[in-house]
Amino acid sequence: MNKYEYKIPLMNVLRQYNIHRENINKEIQSVLDSGMFIMSSKVKSLESKLETYHGIRNAITVGNGTDALVLSLTALGIRNGDEILVPAMSFFATSEAVVQVGAIPVFVDINEDDFTIDIEELKKKVTPKTKAVLPVHLYGKVANMSEIVSFSKANDLFVIEDNCQSIGASIKEKKAGTYGDVSCTSFFPTKNLGCYGDGGLILTDSDELAERIRALRVHGSGINGVKSAEFFNDFENSNSDEYALKYFETKYNNSIIGFNSRLDEIQAAILNYKLDFLDSWNNRRIEIATQYNLRISNPNVTKCQFYDDGSHVYYVFPIVVENRDDFIEYMNEYNVSTGVYFPIPLHLQAAHANLGYSWGDLPISEKLSKYSVTIPMFPELMDEEVDYIIDVINAYEVKRDE
Ligand SMILES: *Cc1c(COP(=O)(O)O)cnc(C)c1O
């Protein structure tokens with residue numbers, strides 16, 4: 001086999017930009033010419049477009065996906081000592097956000113075939129302190145939401161979806177991010193819908209929750225802050241004299257302690273343009289995954305459960321190999337990039353050492369952290385590159401000399 005003439009990247013955002021360069025540049029220029037950079041018309045129109053796209057009442061853009069999680073947990077009233085059920089396999093932000101609001105992440109193992117939270121394991125971890133379930137639609141695969149939602153309802157738990165890796169996925173037309181009480185999305189550049197900086201999104205059907213989140217993202221100011229004060233504050237607002245009332249609804253009246261977490265107009269304009277292409281990009285990801293699934297036939301490589309019903313939008317494509325370092329070295333030799341997400345499961349992260357977990361506690365997460373590896377996946381990956389990657393993988397032989 002001839003080595004490819006260049007290294008095939010794992011992800012590449014420049015190919016997409018170059019295809020849409022002229023239109024995206026126009027969008028950015030229009031913001032520069034407007035002189036409006038924060039929470040203006042581009043953010044408003046993006047939010048209403050995202051509401052229509054998801055079929056949900058409230059789309060609230062924020063600074064990034066991590067903030068989306070922190071603001072959602074805060075708006076639900078999650079606080080000190082509350083326990084939140086979190087899959088052990090995710091990006092660190094999922095459990096970090098839980099600790100940020102003072103709560104305790106309780107780690108749950110995942111399904112071996114699709115990397116999402118194991119509902120039977122989840123049921124075993126509920127205690128009287130459990131307040132919410134935080135399923136992650138990892139790698140683009142929607143978790144088992146019908147079971148998670150019905151179990152949570154029966155046990156009086158909130159559901160917060162970490163939808164950072166799966167925007168546009170759906171189960172029978174119902175979009176990922178619309179199952180829980182609230183959902184969180186990231187517009188990090190490499191995500192399925194990415195901007196050119198940081199960005200995030202919260203979705204909820206609850207107008208009351210939306211009011212609190214809108215207050216939290218701008219320092220608890222304005223009318224949304226006023227309306228949220230009773231929920232957050234354990235004291236009466238004393239500024240109700242005539243003078244204060246005059247300024248009550250302005251941005252310089254702060255009723256609660258909030259955050260500064262906003263999407264800017266430039267990112268909103270870019271996302272406004274890109275949202276129209278999301279479905280076709282996701283379909284291309286599914287097309288590439290279909291080729292990988294059909295044609296990777298090396299017995300040394302284990303593929304995961306394959307889905308082409310729209311419930312998986314293949315943010316990444318993981319495979320499982322016994323000697324990962326050897327496989328990665330081999331792929332490198334043949335100019336194919338690989339990725340390791342995530343080498344350390346959340347329960348074994350140094351920052352969570354105080355929670356007292358050790359190796360062996362969550363065996364599936366540990367196994368997949370050690371042996372899974374991802375191969376190139378992005379919509380602009382070309383057919384000839386896909387063919388070559390499959391050939392290289394199929395020619396892989398495990399070294400027997402160790
Ligand atoms: C990307 C990601 C986040 C964090 O999003 P940022 O925008 O980078 O803050 C959280 N959870 C998961 C599963 C992610 O993939």
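In this predicted model, the side chain of D162 places an N or O atom 2.8 Å from a nitrogen atom of the ligand. Two further polar contacts involve ligand oxygen. A polar side-chain atom of Q165 lies 2.8 Å from an oxygen atom of the ligand. The side chain of K191 also takes part, with an N or O atom 3.0 Å from an oxygen atom of the ligand. On its own, the ligand exposes 380 Å². The protein buries 93% of that area. Two elements, α3 (65-75) and α4 (93-100), each give two or more residues to the shell around the ligand.

The shell has 13 residues. Of these, G65, T66, Q165, S186 and K191 come nearest to the ligand. Q165 and K191 thus appear both in this nearest group and in the polar contacts described above. By class, the shell holds seven polar residues, four nonpolar and two charged.

The internal space of the protein was examined next. The structure contains two cavities of 30 Å³ or more. The largest encloses about 120 Å³. Its lining is made up of 16 residues. V13, Q16, T190, K191 and R285 are the closest of them to the cavity centre. K191 therefore belongs to this lining as well as to the shell around the ligand. Two helices stand out by their contribution. Both α1 (13-34) and α11 (278-295) supply at least two residues of the lining of the largest cavity. The lining divides into seven nonpolar, five polar and four charged residues.

The second largest cavity has a volume of about 90 Å³. Several stretches of the chain contribute to its lining. D113, D114 and F115 are among the lining residues, as is Y139. C304, Q305 and F306 also line this cavity. The list is completed by H312, Y314, F317 and P318. In this lining, seven residues are nonpolar, two are polar and two are charged.

At the level of the whole fold, the protein has 14 helices and 12 strands. Its radius of gyration is 22 Å, close to the 21 Å that the globule rule gives for 402 residues, so the protein is as compact as a globular protein of that length. Along the principal axes, the C-alpha atoms fill a box of roughly 80 × 55 × 35 Å.

Key: Residues numbered from 1 in each chain as written. Predicted model: local features only at pLDDT ≥ 70, side-chain atom pairs only at ≥ 80, totals over all residues. Heavy atoms only, no water. Near = heavy atom within 4 Å. Polar contact = N/O pair within 3.5 Å; in protein donor to acceptor, adjacent residues only side chain to side chain. Areas by Shrake-Rupley, 256 points an atom, 1.4 Å probe, with all protein chains shown as cover. Helix = DSSP H or I, 4+ residues; strand = E, 2+ residues; numbered from the N terminus. Nonpolar A, V, L, I, M, F, W, Y, C, P; charged D, E, K, R; others polar. 1 Å grid on protein atoms, 1.4 Å probe; cavity = no way out; pocket = protein on both sides within 12 Å on 5 of 7 lines; lining within 4 Å. Points joined across faces, edges and corners; volume = space filled by probe spheres on them. Rg over C-alpha atoms; globule rule 2.2 N^0.38 Å.
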